[in-house]
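Biologist: I have a chain in front of me and would like to go through it step by step. Shall we begin with a helix and work towards the sheet?

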Amino acid sequence: MEEKYRQEPSNILKIVLFGPESTGKTTLSRQLAECYRTEWVPEYAREYLQRKWDKEQKVCEPEDLLPIAAGQMRLENEGTKKANKVLFCDTDLLETKVYSEAYYVGYCDPVLEKYALLNTYDLYFLTGIDVPWVKDDLRDKPLERARMFDYFKSTLEKYQRNFVTLTGDKETRLATAKTHINRLLRTKAI
């Protein structure tokens with residue numbers, strides 16, 4: 001049953017866009033996938049929670065987290081099979097863990113936590129909060145961006161994940177990301 005939260009084995013480089021809401025993760029994921037002629041994995045939670053909001057006018061609840069995690073991993077595993085050398089993930093289970101702990105007073109389902117820590121990625125791009133916050137049906141923490149950024153950063157540090165912080169406008173972030181990706185591609189034989 002837990003297999004649905006596990007990454008399938010692959011030689012593809014996996015890079016995660018990681019950080020607080022409305023920091024440009026989706027935009028950058030798309031741009032990078034286009035630049036490298038490969039796949040990107042959208043954030044399943046947005047689709048799942050938007051349907052919930054549209055249908056019930058309800059926000060995320062603890063019982064939504066495992067279905068979100070399963071959906072995210074299904075999309076990632078599908079994307080891995082189609083990717084060309086590198087796969088860009090608009091989120092991962094570690095990000096879901098961070099949100100779980102932030103919203104539910106330190107609580108994270110043990111299964112989610114297990115796979116958030118087991119699944120591995122080659123590089124994380126931590127997206128800075130120096131871009132405008134954009135309101136939508138699901139975003140709700142415009143005044144907590146600095147606190148959330150610090151939480152995301154401390155999580156990457158705590159679990160010793162390889163990460164680079166991206167700041168600046170879209171062009172600067174893209175150029176910085178490409179520099180790090182190209183370096184990673186040169187050091188890994190793919």
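**From helix to sheet**

Modeller: This is a predicted model. In helix H1 (residues 25-35), the buried residues include Lys25, Leu28, Ser29, Leu32 and Ala33.

Biologist: Within what arc do the buried residues of H1 fall, seen down its axis?

Modeller: The buried residues of H1 line one face of the helix. This follows because, seen down the axis, they fall within an arc of 135°.

Biologist: Which residue with a positive phi follows H1?

Modeller: The phi in question is near 50°. The residue that follows H1 with this value is Arg37.

Biologist: In what order do the strands of the sheet stand?

Modeller: Five strands form an open sheet, and the pairing is parallel. The order is E2-E3-E1-E4-E5.

Biologist: Which strands stand at the edges?

Modeller: A strand at the edge of this sheet has a single partner strand, so one side of it is left without a neighbour in the sheet. The twist averages 25° from one strand to the next. The strands at the edges are E2 (39-41) and E5.

Biologist: Which residue in E3 stands opposite Lys14?

Modeller: E1 and strand E3 (residues 86-89) pair in the parallel sense, with four bridges between them. Opposite Lys14 in E3 stands Leu87.

Biologist: Is strand E4 enclosed or open, and how many of its residues are buried?

Modeller: Strand E4 covers residues 123-127. On one side Leu123, Phe125 and Thr127 are buried, and on the other side Tyr124 and Leu126 are buried, which leaves both faces covered. E4 is largely enclosed by the rest of the structure, because the number of its residues that are buried is five of the five.

Biologist: Which residue in E4 stands opposite Phe18?

Modeller: Strand E1 (residues 13-18) runs parallel to E4, and four bridges join them. The residue in E4 opposite Phe18 is Leu126.

Biologist: What is the bridge partner of Phe125 in E5?

Modeller: E4 also pairs with strand E5 (residues 163-166), in the parallel sense and over four bridges. In E5, the partner of Phe125 is Val164.

Biologist: At what angle to E4 does helix H6 run?

Modeller: Helix H6 (residues 145-158) lies across three strands, E1, E4 and E5. Its angle to E4 is about 160°.

Biologist: What angle does the direction of H7 make with that of E4?

Modeller: Helix H7 (residues 170-187) packs on the sheet and touches E1, E3, E4 and E5. The angle between its direction and that of E4 is about 170°.

Biologist: Is Thr155 buried or exposed, and what is its relative accessible area?

Modeller: Thr155 is found in helix H6. Leaving aside residues up to four places away in sequence, Thr155 touches Leu94 and Val98. A residue counts as buried under 20% relative accessible area. Thr155 is therefore buried, with a value of 5%.

Biologist: How many helices and strands does the chain have, and what is its radius of gyration?

Modeller: The chain has seven helices and five strands. For 190 residues the globule rule gives 16 Å, and the chain comes close to that, so it is as compact as a globular protein of that length. Its radius of gyration is 16 Å.

Biologist: What share of the 190 residues counts as buried?

Modeller: The C-alpha atoms fill a box of roughly 45 × 40 × 30 Å, taken along the principal axes. Of the residues of the chain, the share that counts as buried is 46%.

Key
Residues are numbered from 1 along each chain as its sequence is written. This is a predicted model: local features need pLDDT of at least 70, side-chain atom pairs count only at pLDDT 80 or more; totals for chains, interfaces and linings use all residues. Side-chain values use heavy atoms; hydrogens and water are left out. Buried means under 20% relative accessible area, exposed over 50%, partly exposed in between (1.4 Å probe, protein chains only). Helices (H or I, at least four residues) and strands (E, at least two) are DSSP runs, numbered from the N terminus. Two strands pair if DSSP finds at least two bridges between them. Axes are lines fitted to C-alpha atoms, for helices over the stretch in contact, and angles run from 0 to 180 degrees between N-to-C directions. Contact means heavy atoms within 4.5 Å. The arc is that of the directions from the helix axis to the C-beta atoms. The radius of gyration is taken over C-alpha atoms; the globule rule is 2.2 Å times the number of residues to the power 0.38.
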